[in-house]
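Biologist: I am new to this structure and would like a close look at a single part, beginning with how strands are paired and then moving to whatever lies around them. Please explain each term as you reach it.

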Amino acid sequence: MRLSRSPRAALTRLNPWLEPHLDALETACATPAGEPPPAVAAARDAAARDRLAAGIARWNAWAMEMLQLAPAFAESPRATRLLAFAAAVDLGGAADLSIDLGGAVVPGALRLAGARLPMGIWASAAQFHGPFDATGAVFGREATFERAVFSAPASFADAAFSRAAEFRDVSFRAGASFAAARFAKDAWFRGGSFAGRVDFSGASFGGEAGLGNVTYADGADFSDVDFADNAGFDSARFGGPARFDRARFGRNAWFEGAAFADEASFDRARFQGRVVFKDVETPPRRTEVAAMLAEIEARLGGR
C-alpha cells in the first residue's frame, strides 16, 4: 500500500532530502527486515546535522510537526516504518561529535553508539520519543541530562563519562541500561525515576554516586558495581528486585529511608566503609530481607 499524496507531501515538505529516495524507501519499508540504501541514511543524517547546527528553534519546529504526522502514518506497518526511519538520527561512530540538545524534542530514534564527544553533551530537559542508544559512547566533558525524558528504551551501556554525569530529575519511562558504564567522576541521579527495569551491572563509579531519592519501579541490578567513593541510595524506592551481588562499596553506603517492595540481594557484596540501613522499609512477608539488612548494619554500621 502506497501512502496517499497528502501524508507523502507533508513528509517530503519537512524532509526535502527524502524526495528523490521516497519510492526506494517505501519499498525497503515493505518488510520489517528491509534495509534502505546507504545513500538514503547518509542523506537523512546529513540533514539532521544541518538542522541541529541551525539551532534548537528550527530543530523543535521540525520535530513537533514530525510527531503530529504519526496518526497519518499509522495506516500500515510500512507507513509506520517509513516515518520512523525519517525521524531517526544516526550519529553513531562519529570521531569528534559536538551536539547541544538542551530543551530539544527528538521525535525518533537517536543513535550515538560508539561516538566520541570530546566536549561532552548538553541535553537538559530534552525529550527523547524514540529509542536512545549511546552504547560505548565517550563523553570527554560533562554529560548533562537533568530533567530529560526518555520515552523508549535507552542504553548507556559501556559508555565512558570522563567528567560529571548529571541525570537529576530524569525520567526513564521504559527500560534503561548503564551496564559496564564507567563514571570517572561524580554521577547524580537524585530525583529521577525508572519506570522499567534498569541495569547498572558491572558499572564503575569513581566519584560520588548519587542514586538516592530515585524510584526504581521495576527492578534494579547493581551487581558487580564498583563504588570507589560514597554511594547514596537514601530514600530510594525499589518496586522490583534490587540486586547488589558482589558490589564493592569503597567508602560509605547510605540506604537510610530506602524502601524495598520485593527481593533485595547483597550476596558477597563488600562494604569497606560505613553502611547505614536506618528506617529502611522491607516487604512485610519477606522477613529475611529485613534480617539480612539488620545483620549487615550491625556488623559494619559502626565503622
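Modeller: Two strands are said to pair if DSSP finds at least two bridges between them, while the strands themselves (E, at least two residues) and the helices (H or I, at least four) are DSSP runs, numbered from the N terminus. What you see is a predicted model, in which local features need pLDDT of at least 70 and side-chain atom pairs count only at pLDDT 80 or more, although totals for chains, interfaces and linings use all residues. Residues are numbered from 1 along each chain as its sequence is written, and side-chain values use heavy atoms, with hydrogens and water left out.

With those terms in hand, the sheet can be described: nine strands form an open sheet with parallel pairing, in the order β1-β3-β7-β11-β15-β19-β23-β27-β31. Its edge strands are β1 (89-90) and β31 (264-265), each of which pairs on one side only. Strands of a sheet pair through backbone hydrogen bonds, either parallel or antiparallel. At the β31 edge, β27 (residues 242-243) pairs with β31 in the parallel sense over two bridges, and alanine 242 has alanine 264 of β31 as its bridge partner.

At the other edge, the loop between β1 and β2 holds leucine 97, which counts as buried (under 20% relative accessible area, against over 50% for exposed and in between for partly exposed, with a 1.4 Å probe and protein chains only), because its relative accessibility is 5%. Apart from neighbours within four places in sequence, leucine 97 is in contact (heavy atoms within 4.5 Å) with Arg49, Leu91, Leu112, Ala115, Arg116, Leu117 and Pro118. Although leucine 97 and phenylalanine 139 are 42 residues apart in sequence, their C-alpha atoms are 9.7 Å apart in space.

Strand β1 also meets a helix, since the buried residues of α3 pack against α2, α4, α5 and β1. The expected span of a helix is 1.5 Å times one less than its number of residues; the 16 residues of α3 should therefore span 22 Å, and its end C-alpha atoms are 23 Å apart, which agrees. In α3, Val40, Arg44, Asp45, Ala47, Ala48 and Arg51 are buried. Measuring the arc by the directions from the helix axis to the C-beta atoms, these buried residues fall within 155 degrees, so they line one face of α3. On its other side, Pro38, Ala39, Asp50 and Ala53 are exposed, and just after the helix glycine 55 takes a positive phi of about 110 degrees.

Helix α4 (residues 56-68) has 13 residues and reaches 18 Å from its first C-alpha to its last, close to the 18 Å expected. Its buried residues are Trp59, Asn60, Trp62, Ala63 and Met66, and they cover an arc of only 160 degrees, which puts them on the same side of α4; on the other side, Ala57 and Gln68 are exposed.

A nonpolar core is a set of buried Ala, Val, Leu, Ile, Met, Phe, Trp, Tyr and Cys residues joined through side-chain atoms within 4.5 Å. The largest such core has 97 residues, and Phe178 is among those with the most contacts inside it. Elements giving two or more residues to this core include α3 (38-53) and α4, but its largest share, six residues, comes from α5.
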